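Q: Please walk me through a close look at one helix-to-helix contact in this model, and then at what lies around it. I would like to follow it residue by residue.

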Amino acid sequence: MTPGTFLDPYAAVIVGGGTIVAAMLRTPSADLARALKALVTLPRRDFSAEPLLEQIHSLSRIARRHGTIALDRTVIVDPALAAGIAMIVDGEGGETVAQELRHRRRARIERHAAAADAWAGMAEAAPAMGMVGTLVGLVAMFTQMSDPRAIGQAMAVALLATLYGAIVANLLAMPVASRLRAAARAEAFERARLETPLAALATREAPRAIAPVSFSPAREEAS
């Protein structure tokens, strides 16, 4: 028995092609593209908010020394942090900034969940496509009972399709979905740490309302 014994192009096409078609039918194209792009993030470490927290502290010192307008000239790579600093420069209050950060964090969670769901859907479809390949192989076998060589090839398609479906589901798609969900949970927890310091910075730097000076005619006449 050699590794080539477990290779069959017909079974691979049925399982692989069927899984891809099922994913395209059940998943929006944007989420499917995001699921494929998410593969490059798997080797990375889990997201940590520490560098962003240090940047917030640095920005807080800059605002204290040079004013809020100086924050507009800083380079911020993270989109959520950049949006929060832009709102602070515009004079938004702490609660408004915190709400915007929560909204962006929830939107990011939804995008990550959609990518993980796309891979979970592939994990569900692959065994079913393996069963389809098995049925196709059995039909081919029963229609060619007079040719022993054709029977063997059809039986290989039937058995290997089931094998390919199990491998794709349990060794590829489902592990990817699980790792994406774990990374999304870790990032959501870490990004929640950004809300309090940014809201505090916004509250400190928000423009103070100046109380109007009341005018009293009687006091003016007395003076």
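A: **A helix pair and its surroundings**

The protein chain has 8 helices and 0 strands, where helices are DSSP runs (H or I) of at least four residues, strands are DSSP runs (E) of at least two, and both are numbered from the N terminus. Read from the N terminus, the order of elements is α-α-α-α-α-α-α-α. What you see is a predicted model, in which local features need pLDDT of at least 70 and side-chain atom pairs count only at pLDDT 80 or more, while totals for chains, interfaces and linings use all residues. Residues are numbered from 1 along each chain as its sequence is written, and side-chain values use heavy atoms, with hydrogens and water left out.

Let's go to the contact between helix 3 and helix 7. Two packed helices are described by the angle between their axes and the distance between the axes. For helix 3 (residues 50-66) and helix 7 (residues 195-205), the axes come within 10 Å and cross at roughly 10 degrees. These axes are lines fitted to C-alpha atoms over the stretch in contact, with angles from 0 to 180 degrees between N-to-C directions. Helix 3 and helix 7 are therefore roughly parallel to each other (under 35 degrees is roughly parallel, over 145 roughly antiparallel, 65 to 115 roughly perpendicular, and the rest oblique).

Which residues make the contact of helix 3 with helix 7? Helix 3 brings Leu 53, Ile 56, Ser 60, Ala 63 and Arg 64, and helix 7 answers with Pro 197, Leu 198, Leu 201, Arg 204 and Glu 205. Contact here means heavy atoms within 4.5 Å. By type, the residues of this contact are 6 nonpolar, 1 polar and 3 charged (nonpolar: Ala, Val, Leu, Ile, Met, Phe, Trp, Tyr, Cys and Pro; charged: Asp, Glu, Lys and Arg; polar: the others, Gly among them).

Now follow the chain into the loop between helix 3 and helix 4 (79-89), where Thr 68 lies. Setting aside neighbours within four places in sequence, Thr 68 is in contact with Ala 63, Ile 88, Val 89 and Glu 205. Ala 63 and Glu 205 also belong to the contact of helix 3 with helix 7, while Ile 88 and Val 89 fall within helix 4. Thr 68 counts as buried because its relative accessibility is 16%; buried means under 20% relative accessible area, exposed over 50%, and partly exposed in between, with a 1.4 Å probe and protein chains only.

Asp 72 sits in the loop between helix 3 and helix 4 too. With a relative accessible area of 54%, Asp 72 is exposed. Between Asp 72 and Ile 85 the C-alpha distance is 7.8 Å, and they are 13 residues apart in sequence. In helix 4 you will also find Gly 84, which is buried at 0% relative accessible area. From Gly 84, the C-alpha atom of Gly 165 is 46 Å away, with their places 81 residues apart along the chain.

Gly 165 takes you into helix 6 (residues 148-192), which packs against helix 5 (residues 94-142) at about 170 degrees, with axes 7 Å apart. Helix 5 and helix 6 are therefore roughly antiparallel to each other. Their contact divides into 28 nonpolar, 7 polar and 6 charged residues.

Leu 39, from the loop between helix 2 (29-37) and helix 3, touches Trp 119 and Val 176, not counting residues up to four places away in sequence. Leu 39 is partly exposed, at 34% relative accessible area. Gly 17 in helix 1 (residues 9-26) is partly exposed as well, at 30%, and its C-alpha atom lies 9.7 Å from that of Ala 126, 109 residues away in sequence.

Stepping back, the C-alpha atoms fill a box of roughly 120 × 35 × 25 Å along the principal axes. Buried residues make up 36% of the 223 residues. Of the contacts between residues at least 6 apart in sequence, 79% join residues at least 24 apart.
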